[in-house]
Amino acid sequence: MSNYDDFPMGDSKRETYDEDSDTARALAKAKREKEIEDEMINSKRLIEQHTNKKDHSFCYPYGSSKSIGKLAPKIASKYFDSGTTLIRGRIKNSDPFYLPR
């Protein structure tokens, strides 16, 4: 498993390092709300710490509706401006915490 510091400055992989990279597992498998919330908070903190930029959007690990579950978008809305899935589609009256790619 890679982590942010494995990529040298200027490497495109460093620029695309995201929440998935460090805690890549289906959020629906996290049984407790606190566990999902802790993962989101820690991911956000790490991204902001390493980039010195605000992390506005959450990218759901695996990104399918089954792996996201119903609780994760509600929690993401507390800490992020949006959440992106791997579900294909166009943004049309979409929930900002369940956006298609």
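The largest nonpolar core of this predicted model comprises 10 residues: Ile36, Met40, Phe58, Tyr60, Ile68, Ala72, Ile75, Ala76, Phe80 and Phe97. Two elements, α3 (33-51) and α5 (71-79), each give two or more residues to this core. The largest share, three residues, is supplied by α5.

**Aromatic pairs**

Two aromatic pairs are counted in the model. A pair of aromatic rings is described by the distance of the centres and the angle of the planes. The table sets out these values.

| Pair | Centre to centre | Angle between planes | Geometry |
|---|---|---|---|
| Phe58 and Tyr60 | 5.2 Å | 75° | edge-to-face |
| Phe58 and Phe80 | 5.3 Å | 50° | tilted |

The pair of Phe58 and Phe80 links distant parts of the chain, with the two positions 22 residues apart in sequence numbering. Phe58 belongs to strand β1 (residues 57-59), whereas Phe80 lies in the loop between α5 and β2 (82-84). Through their ring pairs, Phe58, Tyr60 and Phe80 are linked into a cluster. Both Phe58 and Tyr60 are buried. For Phe58 the relative accessibility is 3%, so this residue falls under the 20% limit for burial. Phe80, at 4% relative accessibility, likewise counts as buried.

**Fold and overall measures**

The secondary structure of the chain consists of five helices and two strands. Along the sequence these elements follow the pattern α-α-α-β-α-α-β. The chain has 101 residues, of which 35% count as buried. Among contacts with a separation of 6 or more, 50% join residues 24 or more positions apart. The accessible surface of the chain is about 6,700 Å², and carbon and sulfur atoms account for 51% of this surface.

**Lys44 in helix α3**

Helix α3, which gives residues to the core, also holds Lys44. Is Lys44 buried or exposed? Lys44 is buried, with a relative accessible area of 11%. The side chain of Lys44 reaches the backbone oxygen of Asp55 at 2.5 Å. Beyond four places in sequence, the contacts of Lys44 are with Lys54, Asp55, Tyr79 and Phe80. Lys44 and Phe80 are 36 residues apart in sequence, and their C-alpha atoms are 8.7 Å apart in space. Phe80 therefore appears both among the contacts of Lys44 and in the tilted ring pair with Phe58, whose planes stand at 50°.

**Strand β2 and the segment after it**

Ser82 is placed in strand β2. This residue counts as buried, at 15% relative accessibility. A polar contact of 2.9 Å joins the side chain of Ser82 to the side chain of Ser57. Residues up to four places away in sequence aside, Ser82 touches His56, Ser57, Phe58, Pro96, Phe97 and Leu99. Of these partners, Phe58 and Phe97 are members of the largest nonpolar core.

Thr85 is found in the segment after β2. Its relative accessible area is 0%, and Thr85 is therefore buried. With residues up to four places away set aside, Thr85 touches Tyr60, Gly63, Ile68, Tyr98, Leu99, Pro100 and Arg101. Tyr60 and Ile68, both touched by Thr85, are also members of the core. Leu99 is listed among the contacts of Ser82 and also among those of Thr85.

**Backbone conformation in the loops**

Most residues other than glycine have a negative phi, and most peptide bonds are trans. Where do positive values occur in residues other than glycine? One of them is Asn52, with phi near 55°. Asn52 lies in the loop between α3 and β1, and at 70% relative accessibility counts as exposed. Another is Tyr62, with phi near 70°. Tyr62 is located in the loop between β1 and α4 (65-68).

**Confidence**

The average pLDDT of the chain is 79, and 69% of the residues score at least 70. Over residues 11-22 pLDDT stays under 50. For residues 11-22 the model has 28 contacts beyond four places in sequence.

Note on methods:
Residues numbered from 1 in each chain as written. Predicted model: local features only at pLDDT ≥ 70, side-chain atom pairs only at ≥ 80, totals over all residues. Heavy atoms only, no water. Helix = DSSP H or I, 4+ residues; strand = E, 2+ residues; numbered from the N terminus. Buried < 20%, exposed > 50% of the residue type's maximum accessible area, 1.4 Å probe, protein only. Contact = heavy atoms within 4.5 Å. Areas by Shrake-Rupley, 256 points an atom, 1.4 Å probe, with all protein chains shown as cover. Core = buried A, V, L, I, M, F, W, Y, C linked by side-chain atoms within 4.5 Å. Phe/Tyr/Trp six-rings, centres within 6.5 Å; stacked < 30°, edge-to-face > 60°. Polar contact = N/O pair within 3.5 Å; in protein donor to acceptor, adjacent residues only side chain to side chain. pLDDT = per-residue confidence, 0-100.
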